[in-house]
Amino acid sequence: MKSYKKEVLKLTFSSMLVAVVLAFNIIITTKTAFADAIYKDNYYDYIYINGKVLDERPFEEGGIMFVPGKALAEAFGDKVEGDANGNGLKITHGGDVYKFGGDSWVHYKNGQMVYNSYAWFSSSTHQRVEIAASTDGLRYDKNIEATNKTVNKVLYIPLRFFLDELGYTVKSDGVKLIVGSAPTADQYKEEANRTNKPNGERSIDEGWVCPQLRSTSVDDPAQDAQTLINELEFQLNGPGSITSVCYDIAGFKGSSTSTQLTWTGVDTFANCFTVNFAGYESGTKDPYYSKINEINPQVLKFYFPNSWQWLDNIIKTTPEKTLLRYTIDGRDTYIRQGDVVTTIYFSKVGGTIDWKDADWYKISSSGTIGQQYTLNKGYWVKDNGKWYHKSASGVTQKGWLVDNDDKWYYLDKDTGVMQTGWIHDSDIDAWYYCYSNGERATNTTIDGCKIDSSGIYMS
């Protein structure tokens, strides 16, 4: 079974080199499984204190992780004084008194200015800039940034200060900072609901619901990207992008810092599609990382609708450093198992990959798997919370629809909006029932009403 490997952190630079040859790419980012230690400058999206999530969220700027100073200090029982506007803060910890300004690189310990030559980050050069701080200022034993930030009347202080100078013990699951007792399963869900946390940012513990794929690839990169946005909750991967989207598995809004990556795009050298899995399946119970167990197979299903289960098994069972070639669902397909990454290269339906001068890829096919499928009959679009179905040429469809999954759906005859619940077809004077996902019910009883094999209510 392909599980998470720590070596993936070594992969970042080489993965970036591979990405240069991609004409477009779709990235799914997944957070590192439960951390053994706090990464002081890592990105954390929430802070939980004794089971309750803080409304003030931490943030990263210039490589520094900032946390709300007053809330964190009070959580550890320190005396905190400060004005209501967050322009200043005094923390008494043991016998030491620390004073912080607002947006300032200056702070004081027991009346002495803290010397720090790495106090701010230049937005123009993206480098830490040395400042003219007094050389006789107090020096910490460790390089703790003295920069402070005021955001929405809350004064934020670098996480490093609390960990290295005050010696606070803070836990993490790689995504959240946890102070005191960890939240229970019910608390996770309650807090996620209270803060209206989007489904894509939730962990399994917080009630994440896996989105379900409805369509298959149309062999068009822009349209495929849009389908993944509409159906699997992918996001645009950067401003101006139309073919590059990401599934943000830990709610990091596209950030790939310390993450596992799964991406798909086009290899311009061989003029073919690629899908890369850095850790295909999680064997852990990590509430974020194990989401890939449900998401990644759907990526396979998107491109290989007839044989994705066979391919899913091959990825899980094939040894590392193996190269295989098959014709799968009409696509010329290469499966390359690396020591960390599994890469799948495949042509358009009915096509062949041209490796040009890459002789090491010119291997014979091991056989044909599945039948060549007819490209997507259309695709689903979600607009203002309502689902529509477009034909392959982009026309909004209406009335009864048989989708690629061979399921029936009813689209309003005037607007094209997908209907749910009880539906009356006036053309044949018959009643049908469609589930919340739009699929027409058959051979069942709903609300005490028997429905036959064609979906018609039998009165």
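**Strand pairings, sheets and a helix contact**

In strand β31, W431 is the bridge partner of H424. This pair belongs to a predicted model, and it is a convenient place to enter the structure, since the strands around it can be followed from one bridge to the next. Strand β30, residues 421-425, and strand β31, residues 430-434, run antiparallel and are joined by 5 bridges. The hairpin that these two strands form has 4 residues between the strands, and within this hairpin D429 takes a positive phi near 50 degrees.

A second hairpin can be read in a similar manner, beginning with the strand that precedes it. Strand β6, residues 79-82, runs antiparallel to strand β7, residues 89-93, and 4 bridges join the two; here G82 has L89 of β7 as its bridge partner. Strand β7 also pairs in the antiparallel sense with strand β8, residues 96-100, over 5 bridges, and K90 finds its bridge partner in K99 of β8. Between β7 and β8 the hairpin has 2 residues, and G94 is the residue for which a positive phi, near 65 degrees, is found there.

From hairpins we turn to sheets. Strands of a sheet pair through backbone hydrogen bonds, and the pairing is either parallel or antiparallel. One open sheet of 4 strands follows the order β4-β5-β15-β14 and has antiparallel pairing. Its edge strands are β4 (59-61) and β14 (149-151), each of which pairs on one side only, and from one strand to the next the twist averages 40 degrees. Within this sheet, β4 and strand β5, residues 64-68, pair in the antiparallel sense over 3 bridges, with M65 in β5 serving as the bridge partner of E60.

Another open sheet of 4 strands has the order β3-β2-β17-β16, and its pairing is mixed. The edges are taken by β3 (52-53) and β16 (171-172), each with a single partner strand, so that one side of each is left without a neighbour in the sheet. A parallel pairing is found between strand β2, residues 46-49, and strand β17, residues 176-179, which are joined by 4 bridges; in this pairing I49 stands opposite V179 of β17.

The helices offer another kind of contact. Two packed helices are described by the angle between their axes and the distance between the axes. For helix α6, residues 292-303, and helix α7, residues 308-317, the axes come within 9 Å and cross at roughly 130 degrees. Because an angle of 65 to 115 degrees would count as roughly perpendicular and one over 145 as roughly antiparallel, α6 and α7 are described as oblique to each other. The crossing in which α6 passes α7 is right-handed. On the α6 side the contact is made by P297, L300 and K301, which meet W308, L311, D312 and I315 in α7. Sorted by class, this contact of α6 with α7 has 5 nonpolar residues, no polar ones and 2 charged ones.

Helix α7 leads on to the aromatic side chains, for which a search of the whole structure finds 24 pairs. One of these pairs consists of W310 and Y326, whose ring centres are 4.9 Å apart and whose planes stand at 80 degrees, so the pair is edge-to-face. Since W310 lies in helix α7 whereas Y326 lies in strand β22, residues 322-328, the pair ties together parts that are 16 residues apart in sequence.

Terms used. Residues numbered from 1 in each chain as written. Predicted model: local features only at pLDDT ≥ 70, side-chain atom pairs only at ≥ 80, totals over all residues. Heavy atoms only, no water. Axes fitted to C-alpha atoms, helices over the stretch in contact; angles between N-to-C directions. Parallel < 35°, antiparallel > 145°, perpendicular 65-115°, else oblique. Left-handed = near helix turned anticlockwise from the far one by under 90°. Contact = heavy atoms within 4.5 Å. Nonpolar A, V, L, I, M, F, W, Y, C, P; charged D, E, K, R; others polar. Pairing = 2+ DSSP bridges. Phe/Tyr/Trp six-rings, centres within 6.5 Å; stacked < 30°, edge-to-face > 60°.
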